[in-house]
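Trainee: I've got this one open and I'd like to talk through the fold with you. Could we go from the sheet to the cores and then to a few single residues?

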Amino acid sequence: MSTEIRNDAESPAEFSLRRRRRWVIPAIAAVVLVIAAVVVVSVTASSNGTVAGSHFGKDMKVAYEADSNSELAFLRYLNAKIAPKYGVQITPVGISDGNQLDLATAHGQYAANIYQHQYWLKEVLAKTHWPLAKVAPVFQWAYSMYSEKFTSISALPNGASIALLNDPANTAQALWLLNRAGKITFKRGTVPWYATINDIASNPHNYRFTFIDYGDGPRVLPEVDAVIAYNMQFIGAGISQKYKIYAPPAPRAFAGQLVVGSKYLHDPQVRKLIKVFLDPRVQRYLRTTQNPRLKDQLKPVSSGNG
């Protein structure tokens with residue numbers, strides 16, 4: 001069964017924070033989840049024990065997007081190779097529901113999460129006002145153009161249909177990719193990482209943009225001329241990398257952030273966890289790894305926004 005391709009782009013005001021998950025929950029349900037999270041934290045703390053002066057124990061739970069094998073592989077590497085130096089353990093926790101993931105991080109059920117870039121986090125905070133803090137960028141997701149019909153971006157015909165992810169941040173990232181490739185231009189004064197369809201000044205190839213939910217790129221690939229999305233989605237779906245037709249360097253502006261609950265930012269165990277992620281060996285590993293679960297999916301953090 002084919003996936004419906006949306007032609008009616010949602011505005012940021014209409015967007016309901018669905019990235020792979022069912023976002024934003026009703027207010028009453030949010031209150032229930034907050035209470036549940038606090039109860040879970042209390043039970044966990046009393047049963048597992050915590051380090052003196054900390055909300056957390058030596059075993060630090062870090063949440064990631066459940067369908068991301070690359071994020072899981074990254075956390076496993078940190079636990080095996082980096083965390084022992086700092087006296088902590090990292091237990092990866094895969095979560096599919098964004099509400100649960102961010103809310104539980106905010107209230108200390110998880111020590112941190114790594115599934116979002118700064119602009120996605122900004123959208124979450126604008127909708128929920130949850131107490132979350134970004135610490136630092138820790139990797140960059142490779143973001144590319146795929147096509148089963150054409151072998152290069154220059155081969156796309158006039159009027160080509162291109163599918164973009166429908167949330168504002170990832171739409172902006174796709175448009176910026178086309179802008180950096182010289183295929184579209186932005187109106188003067190446009191900030192690339194906030195760009196929308198309305199910010200396009202020229203579209204000389206008359207590309208037709210359609211909008212899809214997060215994760216639908218591999219399924220709609222046969223139905224459009226090209227899709228712009230995260231490499232890990234296509235690799236995870238078993239799509240051959242021969243269909244990757246344009247792969248510019250991943251921009252730092254959309255780097256994956258280490259995110260913690262605001263009130264735990266200076267917790268002594270969290271400070272140790274932060275040192276794990278910022279250890280210089282981590283970026284060297286991302287630069288050189290041949291691990292198929294990471295290669296061409298997570299990249300080292302680059303300098304500058306471009």
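Trainee: What is the strand order in the open sheet of six strands?

Mentor: Keep in mind that this is a predicted model. The sheet is open and its pairing is mixed. Reading across the six strands, the order is E2-E1-E3-E12-E4-E13.

Trainee: Which strands stand at the edges of that sheet?

Mentor: Look for strands with a single partner, because one side of each is then left without a neighbour in the sheet. E13 pairs with strand E4 (residues 132-141) in the antiparallel sense, through two bridges. In E13, Lys-299 is the bridge partner of Gln-140. The edge strands are E2 (89-95) and E13.

Trainee: At about what angle does H2 run to E2?

Mentor: Helix H2 lies across E1, E2, E3, E4 and E13. Helix H3 (residues 98-106) lies across E1, E2, E3, E4 and E12, at about 130° to E3. For H2 against E2, the angle is about 170°.

Trainee: Which helix gives the largest share of the largest nonpolar core?

Mentor: That core has 75 residues, and Phe-74, Leu-78 and Phe-277 have the most contacts inside it. The largest share is seven residues, and they come from helix H2 (residues 69-82). There is also a second, separate core of 15 residues, with Ala-63 and Tyr-115 among them. For the largest core, though, the helix you want is H2.

Trainee: Is Thr-128 buried or exposed?

Mentor: Thr-128 lies in helix H4 (residues 118-128). A polar atom of its side chain is 2.9 Å from the backbone oxygen of Val-124. Its relative accessible area is 14%, and the cut-off for buried is under 20%, so Thr-128 counts as buried.

Trainee: How many residues of strand E9 are buried?

Mentor: Strand E9 (residues 208-212) pairs with strand E6 (residues 161-165) in the parallel sense, over five bridges. Ile-162 stands opposite Phe-209 there. E9 is largely enclosed by the rest of the structure, because the buried residues number four of the five.

Trainee: How far apart are the C-alpha atoms of Ser-302 and Arg-252?

Mentor: Ser-302 sits in the segment after strand E13 (298-299) and is partly exposed, with a relative accessible area of 23%. Leaving aside neighbours within four places in sequence, Ser-302 contacts Gln-140, Ala-250 and Arg-252. Ser-302 and Arg-252 are 50 residues apart along the chain, and their C-alpha atoms are separated by 5.6 Å.

Methods. Residues are numbered from 1 along each chain as its sequence is written. This is a predicted model: local features need pLDDT of at least 70, side-chain atom pairs count only at pLDDT 80 or more; totals for chains, interfaces and linings use all residues. Side-chain values use heavy atoms; hydrogens and water are left out. Buried means under 20% relative accessible area, exposed over 50%, partly exposed in between (1.4 Å probe, protein chains only). A polar contact is a pair of N or O atoms within 3.5 Å; within protein, one must be able to donate a hydrogen and the other to accept it, and residues adjacent in sequence count only if both atoms are side-chain atoms. Contact means heavy atoms within 4.5 Å. Two strands pair if DSSP finds at least two bridges between them. A nonpolar core is a set of buried Ala, Val, Leu, Ile, Met, Phe, Trp, Tyr and Cys residues joined through side-chain atoms within 4.5 Å. Axes are lines fitted to C-alpha atoms, for helices over the stretch in contact, and angles run from 0 to 180 degrees between N-to-C directions.
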